[in-house]
Amino acid sequence: MRTAQETRKTKETDIAIALSLDGGAVEISTGIGFFDHMLTAFAVHGGFGLQVKAAGDLYVDGHHTVEDIGIVLGQAMKEALGDRKGIRRFASAFIPMDEALCFTALDFSNRPFLVFDAEMPQPMIGAYDSCLTEEFMRAFAVNSGLTLHMKCHYGKNAHHITEALFKS
């Protein structure tokens with residue numbers, strides 16, 4: 001079975017994640033509306049079942065919550081992949097989102113690395129700090145054993161850029 005359940009509790013966050021690589025329900029609750037939207041898009045377009053329940057120190061900002069979810073989701077991905085036999089190891093996608101065009105290439109090599117080239121024209125998307133996209137992707141890549149290259153070729157709206165990156 002390609003599933004995993006992971007938790008993480010720190011002074012700043014309390015996170016529980018259930019992941020099924022073979023699909024299922026998607027239920028996301030992080031306390032950050034836009035981030036819920038992005039994790040939902042990630043799961044739906046990836047064909048995953050994903051439940052995320054997170055409580056964090058949002059009175060400070062979203063950094064700990066977003067980064068720690070990346071850590072836990074990466075750990076769940078690594079566990080669900082198991083020995084990685086039978087997977088399509090490499091993948092890439094161009095995703096247009098209105099005026100934005102983003103590209104992602106990945107390799108589940110178990111040699112984690114992130115190359116992130118996406119300028120965010122606006123610093124905030126609702127209550128979500130747009131620079132946290134890179135923090136999430138780094139935490140996810142490192143903890144899942146993923147080599148991940150992401151680039152925004154062009155775009156003027158941080159919402160569209162971020163959504164294209166999560167979908168790709």
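Which helices and strands each supply at least two residues of the lining of the largest pocket? Keep that in mind as you open this predicted model, and let the pocket be the first stop.

**Stop 1: the largest pocket**

Select H1, helix H2 (63–81), strand E5 (90–97), E6, H3, E10 and helix H4 (158–167): each of these gives the lining at least two residues. The pocket they share has a volume of about 660 Å³. Its lining counts 26 residues, and the closest to the centre are Gly 46, Phe 48, Ala 91, Leu 106 and Phe 108. Show those five as sticks to mark the middle. Then colour E5, the source of the largest share of the lining, with 4 residues.

**Stop 2: the E5–E6 hairpin**

Stay with E5 and bring in E6. These two strands run antiparallel and are joined by 8 bridges. You have already met one bridged pair: Ala 91 has Leu 106 as its partner in E6. Both residues are among those closest to the centre of the largest pocket.

Now follow the hairpin to its turn, where 2 residues sit between the strands. Select Asp 98 there; its phi is near 55°, a positive value in a residue other than glycine. Is Asp 98 buried or exposed? With a relative accessible area of 63%, Asp 98 is exposed.

For a second positive phi, move to Arg 84 in the loop between H2 and E5. Its phi is near 70°, and again the residue is not a glycine. Arg 84 is buried, at a relative accessible area of 14%.

**Stop 3: Asp 107**

Go back to strand E6 (residues 100–107) and pick Asp 107. At 9% relative accessibility, this aspartate counts as buried. Which side chain does the side chain of Asp 107 meet in a polar contact? Select Arg 89: the two side chains come to 2.5 Å. Beyond the neighbours within four places in sequence, Asp 107 is in contact with Arg 89, Phe 90, Gly 145, Leu 146 and Thr 147.

**Stop 4: Pro 112 and strand E7**

Three of those names return at the next residue. Pro 112 is in the loop between E6 and E7, and it touches Ala 141, Val 142, Gly 145, Leu 146 and Thr 147, leaving out residues up to four places away in sequence. Pro 112 is partly exposed, with 36% relative accessibility. Draw a C-alpha to C-alpha distance from Pro 112 to Phe 140 and you will get 9.2 Å, for residues 28 apart in sequence.

Step on into strand E7 (residues 113–117) and show its side chains. In a regular strand, side chains alternate between the two faces of the sheet. Here Leu 114 and Phe 116 point to one face and are buried, whereas Phe 113, Val 115 and Asp 117 point to the other and are not. Add strand E10 (residues 147–154), which pairs with E7 in the parallel sense over 5 bridges. Thr 147 is the bridge partner of Phe 113 in E10.

Past E7, select Pro 121, in the loop between E7 and strand E8 (124–125). At 41% relative accessibility, Pro 121 counts as partly exposed. Apart from residues up to four places away in sequence, Pro 121 touches Gly 155, Lys 156, Asn 157, Ala 158 and Ile 161.

**Stop 5: the aromatic rings**

Finish by showing every aromatic side chain. How many aromatic pairs does a search of the whole structure find? The count is 9. Centre the view on Phe 34 and Tyr 128, a tilted pair at 5.2 Å centre to centre, with 50° between the planes. Phe 34 belongs to helix H1 (residues 33–46) and Tyr 128 to strand E9 (residues 128–129), so this pair ties together parts that are 94 residues apart in sequence. Phe 34 is buried at 11% relative accessible area, and Tyr 128 is buried at 1%.

Then turn to Phe 136 and Phe 140, a stacked pair at 6.2 Å centre to centre, with 5° between the planes. Both lie in helix H3 (residues 132–144), 4 residues apart, about one turn of the helix. Phe 136 and Phe 140 are both buried.

For a last view, select Phe 34, Phe 35, Phe 42, Phe 48, Tyr 128, Phe 136, Phe 140 and Phe 166 together: they form one aromatic cluster. Phe 48 brings you back to the start, being one of the residues closest to the centre of the largest pocket.

Notes:
Residues are numbered from 1 along each chain as its sequence is written. This is a predicted model: local features need pLDDT of at least 70, side-chain atom pairs count only at pLDDT 80 or more; totals for chains, interfaces and linings use all residues. Side-chain values use heavy atoms; hydrogens and water are left out. Buried means under 20% relative accessible area, exposed over 50%, partly exposed in between (1.4 Å probe, protein chains only). A polar contact is a pair of N or O atoms within 3.5 Å; within protein, one must be able to donate a hydrogen and the other to accept it, and residues adjacent in sequence count only if both atoms are side-chain atoms. Contact means heavy atoms within 4.5 Å. Two strands pair if DSSP finds at least two bridges between them. Rings of Phe, Tyr and Trp (its six-membered ring) pair if their centres lie within 6.5 Å; planes under 30 degrees apart count as stacked, over 60 as edge-to-face and the rest as tilted. On a 1 Å grid over the protein atoms alone, a cavity is a set of points where a 1.4 Å probe fits but cannot get out, and a pocket is an open set with protein on both sides within 12 Å along at least five of seven lines; lining residues have an atom within 4 Å of a point. Grid points are joined across faces, edges and corners, and a volume is the space filled by probe spheres set on the points.
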